[in-house]
Every structure is written in C-alpha cells, then in structure tokens.
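Colleague: I'd like to learn how to read a few features off a model. Can we go through them one by one?

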Amino acid sequence: MEILKTEALTKVYGKGQNKVTALDQAYFSVEQGEFAAIVGTSGSGKSTLLHMLGGLDRPTSGKVFVEGKDIFSLKDEALTIFRRRKIGFVFQSFNLVPTLNVYENIVFPIQLDDNTVDEKFVGEVINALGIENMQERLPNQLSGGQQQRVAIARALAAKPAIILADEPTGNLDSKTSQDVLSLLKVTGQKFSQTIVMITHNEAIAQMADRIIRIEDGHIIKGGRPYTSLDSAESEGILTSDMRGLTK
Ligand SMILES: Nc1ncnc2c1ncn2[C@@H]1O[C@H](COP(=O)(O)OP(=O)(O)O)[C@@H](O)[C@H]1O
Ligand SMILES: [Mg+2]
C-alpha cells in the first residue's frame with residue numbers, strides 16, 4: 001500500500017527577484033513499512049519536501065496524500081491533529097522542552113493528544129536507545145547525542161505510522177549514528193512504521209531500502225518504488241535493451 005504520495009508538489013518562496021522554487025513538480029511515493037532516504041546537496045529542497053510531507057507547511061501547488069487522504073484539504077486545526085496522530089518528526093535540532101525531564105519529554109506528545117501512554121512500549125524504546133538511566137535528567141544535563149536519542153524516542157513513542165527525520169544523525173558520531181539508525185530500522189519493521197529520512201551521509205543512506213535523490217527541487221532518482229518495469233526504465237535503472245532480456 002502507498003502510505004505517502006505526492007503529486008506535482010511545488011513550493012515557491014518569496015516574490016519577484018527573491019523568488020526561489022524550492023520544489024518543482026515533485027512526484028514521489030512511499031510504501032507502508034518502507035525506509036526511504038532522501039539525499040541531495042544543501043539547498044536542493046530536501047527539508048522543504050519533508051516539511052510538506054508532514055503537513056508542517058502548505059505547498060504553492062500540488063498535493064500530498066497520507067493513507068490516501070489529501071492532507072492539505074484539511075483546515076489548519078484538523079491538519080495539526082492529523083499530523084500529531086500519524087507522524088513522528090525528528091529534526092537535527094532536538095526541540096526538547098527544557099523544563100521537562102527526559103521521560104516527560106518523550107511522552108509529552110502522547111499526553112497532548114489525550115492518549116494513554118503504552119508504558120511497556122515506551123520502556124522498550126527507552127532501553128533500545130540506551131537512555132534508561134537518564135530519564136529524570138533535564139535536556140541541558142545531556143550531551144547532544146543523548147538529546148537526539150531522546151528526540152528519537154519521543155518520535156517513536158506514540159507509534160506513528162510515519163516517521164519523518166531531517167538529518168537525524170547530523171549531530172552524532174558515526175558509531176552512535178549507525179546504532180540509532182539500526183534501531184530506527186528495526187523498530188520501523190516491527191511496527192510497520194514507514195520512515196523517510198534526509199541525510200548527507202552516504203553510509204547512512206545505504207542502510208535504507210531506497211534512496212531518493214533530489215537536485216534543484218527536482219526528484220532525479222528513486223521517486224517511486226520499482227513496482228513495474230516501466231518505472232525502472234523511466235529512471236534509467238533498466239535500459240530498454242535489458243528489458244528485452246527479461247522478457
Ligand atoms: N522559509 C524560506 N524562505 C525563503 N527561502 C527558503 C525558505 N526555506 C527554504 N528556502 C530556500 O529554498 C531552497 C531549498 O531549501 P531547503 O529545502 O531547506 O534545502 P535543503 O534542506 O536541501 O538544504 C533553498 O534555496 C533555500 O534557500
Ligand atoms: Mg535541510
């Protein structure tokens with residue numbers, strides 16, 4: 001099942017001479033349970049794409065479908081509720097609440113939504129991320145890497161259908177990055193969560209099921225899973241010569 005899909009998604013910032021087309025007619029889809037990595041140089045439109053996939057910002061034109069629903073047909077308040085229930089975000093800056101301790105930060109979004117915390121599950125996530133001994137600490141008593149692990153635990157804790165991560169390992173050393181990514185991948189598989197992650201790091205991108213390349217606001221590779229020979233051919237993965245051999 002396609003859990004996430006865009007249609008001609010376009011975002012233009014500014015006007016006149018300051019106009020920047022950050023995303024230009026992007027077509028993209030992700031299957032449920034897939035782990036997709038978005039790679040591209042700085043300024044290529046990665047964060048813009050991720051923000052719109054998660055309904056954080058509205059496009060200039062085009063659509064985003066989550067589980068078949070056109071999310072921008074929703075009014076702001078309904079969109080906020082939808083986002084809170086379906087999507088877990090992880091950003092490079094951790095966005096932890098400074099006055100809440102680690103455990104309180106992790107369950108905060110669940111409580112905002114008036115839902116019961118699945119203590120067993122949250123405990124598993126906390127253990128898997130190796131932060132069980134720091135649950136009562138405040139964010140400023142943690143290293144950057146520890147804060148990011150808390151932010152990841154917070155995104156996972158509400159069991160969202162989709163995790164959107166923008167350079168989640170940007171502030172972690174390479175060993176911790178690999179550990180955190182492995183955990184994300186395993187948890188994603190266990191709970192059929194779909195993960196879309198932006199990264200600059202090719203080694204990290206290689207851990208994904210699929211790599212989506214973006215350049216100057218265009219998705220140049222990997223926008224669709226290769227569900228048909230046609231899509232593989234259109235992306236240059238399969239040449240028409242090779243196709244002849246497969247028949
Ligand atoms: N809020 C904004 N206002 C104006 N321009 C923006 C804004 N956000 C992003 N841009 C521009 O859009 C382009 C894509 O940015 P972004 O999506 O952040 O790229 P990436 O995440 O790949 O580095 C860049 O040229 C950037 O300067
Ligand atoms: Mg970015």
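Modeller: Sure. For helix pairs, axes are lines fitted to C-alpha atoms over the stretch in contact, and angles run from 0 to 180 degrees between N-to-C directions. Keep in mind that this is a predicted model.

Colleague: At what angle do the axes of α3 and α5 cross?

Modeller: Two packed helices are described by the angle between their axes and the distance between the axes. Here, helix α3 (residues 102-112) and helix α5 (residues 144-157) have axes that come within 8 Å and cross at roughly 30°. Angles under 35 degrees count as roughly parallel, so α3 is roughly parallel to α5. The crossing of the two is right-handed.

Colleague: Which residues in α3 and α5 meet?

Modeller: From α3 you get V102, N105, I106, P109 and I110, and they meet V150, A153, R154 and A157 in α5. That contact divides into 7 nonpolar, 1 polar and 1 charged residue.

Colleague: And aromatic rings?

Modeller: A pair of aromatic rings is described by the distance of the centres and the angle of the planes. The count here is 1 aromatic pair. F89 and F91 are stacked, at 5.6 Å centre to centre with 5° between the planes. F89 counts as buried at 14% relative accessibility, whereas F91 is partly exposed at 21%.

Colleague: Which residue in strand β2 has a positive phi although it is not a glycine?

Modeller: That's Q25, with a phi of about 55°; Q25 sits in strand β2 (residues 20-31) and is partly exposed, at 46% relative accessible area. E67 also has a positive phi, about 50°, without being a glycine. You'll find E67 in the loop between β4 (61-66) and β5 (69-70), partly exposed at 37%.

Note on methods
Residues are numbered from 1 along each chain as its sequence is written. Chains are lettered from A and ligands numbered from 1 in the order in which they are written. This is a predicted model: local features need pLDDT of at least 70, side-chain atom pairs count only at pLDDT 80 or more; totals for chains, interfaces and linings use all residues. Side-chain values use heavy atoms; hydrogens and water are left out. Helices (H or I, at least four residues) and strands (E, at least two) are DSSP runs, numbered from the N terminus. Angles under 35 degrees count as roughly parallel, over 145 as roughly antiparallel, 65 to 115 as roughly perpendicular and the rest as oblique. A crossing is left-handed if the near helix is turned anticlockwise from the far one by less than a right angle, and right-handed if clockwise. Contact means heavy atoms within 4.5 Å. Ala, Val, Leu, Ile, Met, Phe, Trp, Tyr, Cys and Pro count as nonpolar, Asp, Glu, Lys and Arg as charged, and the others, Gly among them, as polar. Rings of Phe, Tyr and Trp (its six-membered ring) pair if their centres lie within 6.5 Å; planes under 30 degrees apart count as stacked, over 60 as edge-to-face and the rest as tilted. Buried means under 20% relative accessible area, exposed over 50%, partly exposed in between (1.4 Å probe, protein chains only).
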